[in-house]
Amino acid sequence: MRRSSALRLAAVLVAAAVLGPVGGVQAQAAPVSVVAPRTVDEDCPLDPALAARLDEAIARVQAETGTPGVAVGVWLPGRGSYLRATGVADLATGEPMRTDMMVRIGSETKTFTVTALLELVDQGLVGLDDPIAKYVDGVPDGANITLRQLAGMRSGLFPYTSDEELLRTVFTDPGRSWTPQELLAYGFRHDNTFAPGAQFEYSNTNLILLGLVVEKMTHRDLAEVIRDRVVRPAHLHRTFLPSGPEFPQPHPHGYTLDLAGQRVDATDWNPSWAWAAGAMISDLPDLRRWAKVVATGELLSPATQAQRLRFEPTGFPGTGYGLGLIDSDGWIGHNGSLPGYETVTVYLPEQDATLVMMLNTDQLVGTQEPSSLFARAITEIITPDHVYDPKQPPLR
């Protein structure tokens with residue numbers, strides 16, 4: 001989820017990120033490498049020399065970013081797999097990070113919400129070029145903003161997560177429960193930033209609206225729709241949209257910076273303020289499965305998947321945005337960021353390769369998300385001709 005306005009509220013956030021770990025992460029616990037149980041994956045391991053290069057790259061980025069813990073899964077058909085968890089899941093106890101833990105996946109939630117919407121397109125219940133005003137009242141210029149533009153981040157609607165009052169409330173009252181209507185109100189009180197379709201701008205307002213469309217057309221809660229129409233058909237076992245701060249074990253503690261630039265534990269913060277845009281929970285095996293499902297359109301018709309994969313320019317070389325999906329140098333999927341957690345789940349069709357990463361911090365390094373730095377370092381090694389590097393401000 002975007003937090004640029006929070007950085008403006010307290011410039012020390014960026015300064016702390018640039019200066020390095022807060023609280024001496026590396027001093028509190030030495031990195032511990034944990035190989036996933038065989039129940040997670042039965043693939044053959046990567047060549048030891050290649051695995052050693054990945055170990056070194058991950059350790060380097062972890063030290064540079066001050067990331068407490070990171071879990072990584074790489075699957076390269078014909079070459080093998082790599083599963084590692086390094087660092088700590090809990091700074092207080094030193095409990096090691098593990099590959100079987102669940103995390104908050106932030107904006108990867110968008111891939112599930114948009115999949116639910118596209119299933120309705122396949123059923124003929126909605127049209128991608130329908131105006132949002134057909135489904136939701138009170139949207140600024142809603143008669144001219146289409147569902148396609150919402151899913152493709154080209155609506156021009158102000159991102160509610162850039163409203164400084166909302167961000168201040170999220171960080172000062174993290175247990176608060178939010179409704180979609182409350183979230184939209186923060187976005188709608190600002191002028192639209194451009195005419196519909198004129199350009200790309202990442203806006204979480206878009207996904208709240210699409211969540212409401214899904215609910216209206218199915219007459220069910222979004223969490224139920226995602227569970228029954230997306231998660232279960234995709235054969236995912238520990239992926240869901242929570243109704244509040246619930247967070248099943250095992251999970252790592254998640255660490256963020258508060259508005260004063262101090263490290264705080266955000267593990268049990270209520271993610272309802274992110275809802276359809278970023279509140280879901282999952283784990284590494286499920287995300288491995290989901291990476292290929294969403295990139296290949298397993299749950300959609302070929303025609304609808306083709307629409308989804310029409311990646312439009314974002315203004316940043318090498319990066320395109322489709323309908324709830326990113327294309328970064330051929331890697332298709334999405335990243336996620338929520339206070340305390342970051343993830344990357346991407347699939348490279350050209351090589352049938354998958355990369356999944358889970359971190360228990362969202363502390364920026366300058367303007368860069370730590371998850372992007374890890375993913376870039378990893379893909380430079382495993383797929384040097386296809387390097388995941390969004391080259392853009394954080395997509396939160």
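**Sheet, helices and two unusual bonds**

Modeller: In this predicted model, strand E7 and strand E8 (residues 319–321) run antiparallel and are joined by two bridges.

Colleague: How do you know that E7 and E8 pair?

Modeller: Pairing takes at least two bridges, and E7 and E8 have two. In one of the contacts between these strands, Pro-313 has Gly-320 of E8 as its bridge partner.

Colleague: What makes E2 and E7 edge strands?

Modeller: Strand E2 (80–87) and strand E7 (312–313) each pair on one side only. The open sheet has eight strands in the order E2-E1-E12-E11-E10-E9-E8-E7, with antiparallel pairing.

Colleague: Which strands does helix H12 touch?

Modeller: Helix H12 (residues 284–296) packs on the sheet against E1, E2, E10, E11 and E12. Its direction makes about 45° with that of E11. Helix H14 (residues 370–382) also packs on the sheet, touching E1, E10, E11 and E12. The direction of H14 makes about 150° with that of E12.

Colleague: Why is H5 called oblique to H9?

Modeller: Helix H5 (residues 109–122) and helix H9 (residues 204–218) pack at about 40°, their axes 10 Å apart. Roughly parallel would need an angle under 35 degrees, and roughly perpendicular 65 to 115. The angle of about 40° fits neither, so H5 is oblique to H9. The crossing of H5 past H9 is left-handed.

Colleague: Which residues of H5 meet H9, and what classes make up the contact?

Modeller: On the H5 side they are Lys-110, Thr-113, Val-114, Ala-116, Leu-117 and Leu-120. Their counterparts in H9 include Leu-207, Leu-210, Gly-211 and Met-217. By class, the contact of H5 with H9 has nine nonpolar, four polar and one charged residues.

Colleague: What makes H9 roughly perpendicular to H10?

Modeller: The axes of H9 and helix H10 (residues 222–231) come within 9 Å and cross at roughly 80°. That value falls in the range 65 to 115, so H9 is roughly perpendicular to H10. Gly-211, Val-214, Glu-215 and Thr-218 of H9 make the contact with Leu-222, Val-225 and Arg-229 of H10. This contact has three nonpolar, two polar and two charged residues.

Colleague: What is notable about phi of His-219?

Modeller: Most residues other than glycine have a negative phi. Phi of His-219 is near 60°, a positive value. His-219 lies in the loop between H9 and H10.

Colleague: How do you know that the bond joining Gln-249 and Pro-250 is cis?

Modeller: Omega of that peptide bond is about -5°. Most peptide bonds are trans. Pro-250 is in the loop between H10 and strand E4 (255–257).

Colleague: How many residues of the chain reach a pLDDT of 70 or more, and where is the pLDDT below 50?

Modeller: The share reaching 70 or more is 88%, and the mean pLDDT of the chain is 90. The pLDDT is below 50 over residues 1–42, a stretch with 104 contacts in the model beyond near neighbours in sequence. Where pLDDT is low, predicted coordinates should not be read in detail.

Technical notes: Residues numbered from 1 in each chain as written. Predicted model: local features only at pLDDT ≥ 70, side-chain atom pairs only at ≥ 80, totals over all residues. Heavy atoms only, no water. Axes fitted to C-alpha atoms, helices over the stretch in contact; angles between N-to-C directions. Helix = DSSP H or I, 4+ residues; strand = E, 2+ residues; numbered from the N terminus. Parallel < 35°, antiparallel > 145°, perpendicular 65-115°, else oblique. Left-handed = near helix turned anticlockwise from the far one by under 90°. Contact = heavy atoms within 4.5 Å. Nonpolar A, V, L, I, M, F, W, Y, C, P; charged D, E, K, R; others polar. pLDDT = per-residue confidence, 0-100.
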